[in-house]
Amino acid sequence: MANSLVFLFSIASPSRPHSLPSVLHSPRNGRFYSGFKVLCRSYQIANADGFVSKSSDKNDSVGRPWKTSDARLVLEDGSLWRAKSFGALGTQVGEVVFNTSLTGYQEILTDPSYSGQFVLMTNPHIGNTGVNPDDEESSKCFLGGLVIKSLSICTSNWRSTQSLVEYLTKRNIMGIYDVDTRAITRRLRQDGSLIGVLSTEESKSDKELLELSHNWKIVGVDLISTVSCSAPYRWVEKTDLNWEFSSDSSVARNFHVIAYDFGIKHNILRRLASYGCKITVVPSSWPASKTLNLKPDGVLFSNGPGDPSAVSYAVEIVREIIGKVPVFGICMGHQLIGQALGGATFKMKFGHHGGNHPVCNLRNGRVEISAQNHNYAIDPDSLPNGVEMTHVNLNDKSCAGLACPELNLMTLQYHPESSPGPHDSDPAFEEFIQLMEKTKGKL
């Protein structure tokens, strides 16, 4: 027995509860009986000096050789969810949203639109493909934390350069696993997005964490200024030829596009460059007068995090530009254009987050499976005459796209670059090119 590790187990299942059940957390009131209770009767454990034999009939009399729950997620509704931590340690506050994408967790981690939020992945198994430097959507991780059901214990992908655990630890991002993500998702769908607190600090009581969730706000906060670039720069990188999927891209064109960085993703810029555009990226507060002085062929208003009503300066910039050059708004840019036209935006119950949202193009009846990430939407009834709703989300009939031929503008509420996600919406970049071509031909 000197070189062996032996465990004798007594296991209780939910259908046959043990007389001493293990208490964990519940979707209803924060507590439920765990799937199994493991009672260790006899064992041998290795330490730095070699194998040491011990035996005991007492339950949990020694530390378990597997990771135990060391983290808590406290939601503002008072529910508490115990979990295991990975990545950074500490305490963090954020708005909890769920994402239904099956793949692409690295792109999600680096999407600036998740600033101020905890992302809960509904796909249960995360981390198996590791991470690599090519799938970054920005220069850093902006989200507050990652919530998953099962953390892969190994990485298997030819492009992987490090594990998800190493990646989050290096970037000081908190993660938790072994938590009932399906129950939390049901709660968010029923009650709407909730403020939550992640903590690995035992010194903080549950009550203190709950108070943190009640005192933290995301509505009315300017988040785009925290993720935007600080100075203009040129972008030239195209979609790598190994990943290029459009026959319309890589055509010789000579359009200069000013891209407002409200939290822009790298693959939006790559798609524009692949369609032949020369791109200058500018900060979120870049004056409209400076943009117009550069005489661009078009202006892109990008995606970004947070409440569009909290960034009135951006709405004013958009208002000064539309009608003077062709414009394309994506996600936050779509919402800002809606407000600049006189429309109203509202906070959705739990938003749209994922790579599998069906959208109908009302002009041709074509249905696209789209990638989306937003908590706000435009009220189409608040828009003035002449502004057309071009796309509708088929899940909840919310406005997913606008156009105004008189002002040479087009918008999409979702992400046509789809990183991650299907490529159904990529032709929107070609439509923007055609809008610039048509306008340039009239000059």
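Student: In β20, which residue is the bridge partner of Thr-345?
Tutor: This is a predicted model. Strand β19 covers residues 344–361 and pairs with β20 in the antiparallel sense over 11 bridges. In β20, Thr-345 has as its bridge partner Ile-378.

Student: Which strands stand at the edges of the open sheet, each with a single partner strand?
Tutor: The open sheet has 10 strands in the order β14-β16-β15-β17-β18-β23-β22-β21-β19-β20, with mixed pairing. A strand with a single partner has one side left without a neighbour in the sheet, so the edges are β14 (233–235) and β20 (367–379).

Student: What is the average twist from one strand to the next in that sheet?
Tutor: The pairing in the open sheet is mixed. One example is β18 with β23, which run parallel and are joined by 4 bridges. Another is β22 with β23, antiparallel, also over 4 bridges. From one strand to the next, the twist averages 25°.

Student: Which β23 residue is the bridge partner of Ala-403?
Tutor: β23 pairs with β18 and with β22. On the β18 side, Phe-328 has Met-410 as its bridge partner. For Ala-403, the partner in β23 is Met-410.

Student: Are the side chains of Leu-409, Met-410, Thr-411 and Leu-412 in β23 buried or exposed?
Tutor: Leu-409 and Thr-411 point one way from the strand. Met-410 and Leu-412 point the other way. Both sets have one status: buried.

Student: Which residue takes a positive phi in the hairpin of β22 and β23?
Tutor: The two strands of this hairpin are β22 (399–404) and β23 (409–412). There are 4 residues between the strands. The positive phi, near 55°, belongs to Asn-408.

Student: At what angle does the direction of α9 lie to that of β18?
Tutor: α9 packs on the open sheet, touching β17, β18, β19, β20, β22 and β23. With the direction of β18 (327–330), its own direction makes about 120°.

Student: How are α8 and α9 oriented: roughly parallel or roughly perpendicular?
Tutor: The axes of α8 (residues 312–321) and α9 (residues 332–340) come within 8 Å and cross at roughly 75°. Angles of 65 to 115 degrees count as roughly perpendicular. Therefore α8 and α9 are roughly perpendicular.

Student: How many residues of the α8 and α9 contact are nonpolar?
Tutor: α8 contributes Ala-314, Val-315, Val-318 and Arg-319. α9 contributes Leu-336, Ile-337, Gln-339 and Ala-340. Of these residues, 1 is polar, 1 is charged and the nonpolar ones number 6.

Student: In what order do the strands of the barrel close?
Tutor: The barrel has 7 strands, and the pairing is mixed. One pair in it is β5 with β13, antiparallel and joined by 4 bridges. Within that pair, Val-74 stands opposite Val-197. The order is β5-β6-β12-β10-β8-β7-β13.

Student: Which helix packs on that sheet with its direction at about 80° to that of β7?
Tutor: Helix α4 (residues 206–215) packs there too, but its direction makes about 45° with that of β5. The other helix covers residues 181–191 and touches β5, β6, β7, β8, β10 and β13. The helix at about 80° is α3.

Student: How many disulfides does a search of the whole structure find?
Tutor: Cys-141 has 7% relative accessibility, so it counts as buried. Cys-277 is likewise buried, at 7%. The disulfide count is 0.

How values were computed
Residues numbered from 1 in each chain as written. Predicted model: local features only at pLDDT ≥ 70, side-chain atom pairs only at ≥ 80, totals over all residues. Heavy atoms only, no water. Axes fitted to C-alpha atoms, helices over the stretch in contact; angles between N-to-C directions. Parallel < 35°, antiparallel > 145°, perpendicular 65-115°, else oblique. Contact = heavy atoms within 4.5 Å. Nonpolar A, V, L, I, M, F, W, Y, C, P; charged D, E, K, R; others polar. Pairing = 2+ DSSP bridges. Disulfide = S-S within 2.5 Å. Buried < 20%, exposed > 50% of the residue type's maximum accessible area, 1.4 Å probe, protein only.
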